Amino acid sequence: MTWPFENDTSNIEKKLAKRSLHHERQRNLFAIIALVLTAFMITATFSIGFSYFETYQMQQIRLMGTTADVGITNVTENQLVDISKSNLVLDVGIQQRLGSVDTEQLQNARLGIVWIDDTEWEHHRLPTISGVVGNYPSSKNEIMLPTWVLEQMGISDPQIGMEIVLSYQIGDSYNYVSDTFLLSGYYTDYIPMRTNNRGYVYVSSAFKDSLNVSLDNECYGN
């Protein structure tokens, strides 16, 4: 009921209430949008940071050429057994440098003939390379080479099974022999940037076992 001297303000109050509710909804919407944007920016910042850190770690590992934390040269069989049994060591890989390749016909490569066991290949070397085609050598006359070495040999389109002639020496011998090998695989590696174009020619266990020379072991572990 409205008295004669009173003004009816109910409509105005309703309008003001609706307007206030509308503004409150807008403020709530803006607050939600601000929270979402803040959460997104924080998540994006952490994601970029972690991504950068992982990329940096991968670059360092690739430059080192191995994921192993420790390397030991000239280890004996007994020492290998003791190291493998240690609770402080996750895995142990073995490498043997058998000889070197005559690189006179190449641009500036320095290549060692190297055999590594399955653990060394799968756990310590594979994570540091990319673009792997083919497999690690299994037969006596098979080799595996990085692409930059193949390019220095004039091979821009390598094919699995293609013949590659290498002149090489074994151990401390100064006598070079020439053999024809089959390419079992190739890959992209990154250690030449750190080692001034030093690289490996990977050979098989069958090739290593065919040599009648005493060779030193190197083991790498995590």
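Visitor: How many residues line the largest cavity?
Guide: This is a predicted model, where local features need pLDDT of at least 70, side-chain atom pairs count only at pLDDT 80 or more, and totals for chains, interfaces and linings use all residues. Residues are numbered from 1 along each chain as its sequence is written, and side-chain values use heavy atoms, leaving out hydrogens and water. G65, T128, I129, D189 and Y202 lie nearest the centre of the largest cavity (points on a 1 Å grid over the protein atoms alone where a 1.4 Å probe fits but cannot get out; lining residues have an atom within 4 Å of a point). Counting its whole lining, you get 11 residues.

Visitor: What is the N to O distance in the salt bridge between E120 and R125?
Guide: Both partners are tucked away: E120 is buried (under 20% relative accessible area; exposed is over 50%), at 0%. R125 is buried too, at 5%. In their salt bridge (a Lys or Arg side-chain nitrogen within 4 Å of an Asp or Glu carboxyl oxygen), the closest N and O atoms lie apart by 2.8 Å.

Visitor: Which residue does D209 pair with in a salt bridge?
Guide: D209 sits out in the open, counting as exposed at 55% relative accessibility. Its partner counts as buried, at 18%. The two side chains meet at 3.0 Å, N to O, and the partner of D209 is K208.

Visitor: So how many salt bridges does the rule give?
Guide: You've met the pair E120 and R125, and also D209 with K208. By the rule, the count comes to 2.

Terms used. On a 1 Å grid over the protein atoms alone, a cavity is a set of points where a 1.4 Å probe fits but cannot get out, and a pocket is an open set with protein on both sides within 12 Å along at least five of seven lines; lining residues have an atom within 4 Å of a point. Buried means under 20% relative accessible area, exposed over 50%, partly exposed in between (1.4 Å probe, protein chains only).
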